[in-house]
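Hi everyone, thanks for making time for this. I'd like to walk you through one structure, so let me put it up on the screen.

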Amino acid sequence: MNTSDRFRAHARTAAAQCGVTIPDGDGPLTVTTPVDGSVLAHIRPHTARQVDAALGAASAAFDRWRDVPAPQRGRLVRRFGELLVEHKEDLATLVTLEAGKIPSEALGEVQEMIDICDFAVGLSRQLYGRTMPSERPGHRLMETWHPLGVVGVISAFNFPVAVWSWNTAIALVCGDPVVWKPSEVTPLTALACDALLRRAATDVGAPDGLHHVLLGDATVGEALVDDPRVALVSATGSVPMGREVGPRVAARFGRCLLELGGNNAAVVAPSADLDLAVRGIVFAAAGTAGQRCTTLRRVIVHRSIAAELEGRIAKAYSGLRVGNPFDEGVLVGPLISERAYEAMRAALDRAAHDGGTVITGGERVEVLPGGVYVTPALVRMPAQTEIVREETFAPVLYLLGYDDFDEAIALHNGVPQGLSSAIFTTDQREAERFLERSDCGITNVNIGTSGAEIGGAFGGEKATGGGRESGSDSWKAYMRRATNTVNRSDGLPLAQGVEFG
Ligand code: NAD
């Protein structure tokens, strides 16, 4: 059996374990693995009629699911979490095959799904509303939270399962069915997740129609965006995608949660523990081959330590093994496509044109024919030029120097995106100042920009879209808030002392 046949067989076995038979057909959606470019399956995308039927079924399911008490809804998510534990390896295998992540990161992504299920089960007993003192005698004023409706989830290739699960686990306990349009690059992991969730629904006797996967390209996503039956569109992907989706959902007064691109930076101050900083920087910049929304793309380093830090990162980069993600010891897997490599090349050319110097990396590596493998690039830049302000979805790390802290903050915030940020310092005043002044949704001290836990709200500001998902009170995006005033008196006093008749 050659490598390609092995990958195809691997995908089929992992999918079958999750309850999915990969069709042998000749559908027009060709699923390949970035590991060697070989074909895993040919899938039939969903037609407009099937999209319509799924939305109809999800709307009907909403009417039943909203009446199930939230703690009982939590049982579905608990069972799903148990199935994820059982099938962690299978799903991780599919993530590696479709997205190219090394197994440890793929397993981490599935663990994130398990974690959010735990969180959502607890949440199913904690969808708290508030009561406020009413200004009127004999009145009660309170806020109550109600299921919102069908949630449409549109997801990106690079987190093919975790981001969907953040949305779905929370939406389900909040009383909302989910219709999912996964990335066209990762349909098999989506089918496997859907099969496990359906099994969980059968096991706990949940109503039919609570979850649907719709496979296809952006046109399928657009159907969710424009359909008034979708109460919330939660869309994860590039800034250009969000620019299209946001206004279209707003035009029909739908609710939108956007999780878009980042251009994340770390400030490295003179007092930083450089051993720690280098470890944090290298994982955040080169991990997942630079294909995380939270990937570290800029290091803003104090000029007094710039040369030393540069040398240490370059040394660490030279020890990173780039290769087939299934091979032991490999830390950097493939880029998702030839196009991603072209974007990386173009960025490096533009950086050089702007006076940048490639310290190390940026070269194509021959690993498996058909796979796109590169060494992570480290580029010293004289200034934060236009290319540095863009997100290039590949392992390119720009080094910029600063002299005083305000300059570092100005460079840090001087990009259109606002997802994740970090400072490496042992100066507490500086750390606190950074926490206050970074304009990102995620701001860290002495750890890198990637690898968030599910407990906090995840998301970013500015062109990153402003959405918040996952932990904390992100659940509120999936529910409708009602303010209720209840009069238990026999009078009808009006607020603000208004007299009427
Ligand atoms: P992408 O924007 O190409 O596609 C994302 C999804 O949107 C896909 O499912 C795609 O089919 C769909 N889509 C594209 N145009 C659409 C439209 N007009 N209407 C409806 N759906 C549409 O992104 P990608 O290449 O899959 O992923 C990489 C990008 O995603 C990067 O920019 C990365 O930073 C971002 N990302 C952000 C987060 C976050 O949480 N902020 C997480 C993961 C990825």
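Let's start at one residue, D227, which lies in the loop between α8 and β8 (230-236). Please keep in mind that this is a predicted model. Is D227 buried or exposed? With a relative accessibility of 14%, D227 counts as buried, because the cut-off for that is under 20%. If we skip residues up to four places away in sequence, D227 touches L55 and R252.

Now, on to charges around that loop. R248 and D226 meet through their side chains in a salt bridge, at 2.5 Å from N to O. R248 belongs to helix α9 (residues 239-251) and D226 to helix α8 (residues 218-226), so this pair ties together parts that are 22 residues apart in sequence. Both partners are partly exposed: R248 has a relative accessible area of 30%, and D226 has 37%. And here D227 comes back, because D52, D227 and R229 are joined into one network by salt bridges that share partners.

How many salt bridges does the count come to? The answer is 27. Let me show you two others from that list. One is between the side chains of D5 and R8, with 2.7 Å from N to O. Those two sit 3 residues apart in helix α1 (residues 3-18), so about one helical turn separates them. D5 is partly exposed, at 28% relative accessible area, and R8 is also partly exposed, with a value of 28%.

The other is R199 with E86, whose side chains meet at 3.7 Å, N to O. This pair links distant parts of the chain: R199 is in helix α7 (residues 187-204), E86 is in helix α3 (residues 70-86), and their positions lie 113 residues apart in sequence. R199 counts as partly exposed, with 33% relative accessibility.

Let's zoom out to the domains. The domain assignment gives domain 1 (3-260 + 465-482) and domain 2 (264-445). You can see that domain 1 is written as two stretches of the chain, 3-260 and 465-482. The C-alpha centres of the two domains are 30 Å apart. Which residues make the contact, in numbers? Domain 1 puts in 22 residues and domain 2 puts in 24 residues.

That brings us to the nonpolar interior. The largest nonpolar core has 141 residues, and V268 and I281 are the members that touch the most others. Where does this core lie? Domain 1 and domain 2 both give residues to the core, so it lies between them. Setting aside neighbours within four places in sequence, I281 is in contact with V268, L296, V299, L309, I313, L397 and F424. Apart from that core lies another one, of 20 residues, and L55, A58, V230 and M241 are among them. You may remember L55 as a residue that D227 touches.

Next, two buried residues to click on. L400 is in strand β16 (residues 396-402), and L400 counts as buried at 3% relative accessibility. Beyond its neighbours within four places in sequence, L400 is in contact with V299, I300, V301, M381, A383, Q384 and V388. For a sense of scale, pick G74 as well: L400 and G74 are 326 residues apart in sequence and 48 Å apart in space, C-alpha to C-alpha.

The second one is T294, found in the loop between α10 (274-286) and β11 (296-302). T294 is buried, with a relative accessible area of 5%. Without counting neighbours within four places in sequence, its contacts are N264, L419, S420, T449, S450, G451 and F458. The C-alpha atoms of T294 and G459 are separated by 9.8 Å, while the two residues are 165 residues apart along the chain.

Last stop, the surface. L494, V498 and F500 form a nonpolar patch there, and together they have about 330 Å² of accessible area. L494 sits in the segment after β23 (479-487). Is L494 buried or partly exposed? L494 is partly exposed, with a relative accessible area of 35%.

That's the tour, and I'm happy to go back to any view you'd like to see again.

How values were computed: Residues numbered from 1 in each chain as written. Predicted model: local features only at pLDDT ≥ 70, side-chain atom pairs only at ≥ 80, totals over all residues. Heavy atoms only, no water. Core = buried A, V, L, I, M, F, W, Y, C linked by side-chain atoms within 4.5 Å. Buried < 20%, exposed > 50% of the residue type's maximum accessible area, 1.4 Å probe, protein only. Domains from an automatic or database assignment. Contact = heavy atoms within 4.5 Å. Patch = residues over 30% accessible without salt bridge, like charges linked within 9 Å, V, L, I, M, F, W, Y side chains within 5 Å. Areas by Shrake-Rupley, 256 points an atom, 1.4 Å probe, with all protein chains shown as cover. Salt bridge = Lys/Arg side-chain N within 4 Å of Asp/Glu carboxyl O. Helix = DSSP H or I, 4+ residues; strand = E, 2+ residues; numbered from the N terminus.
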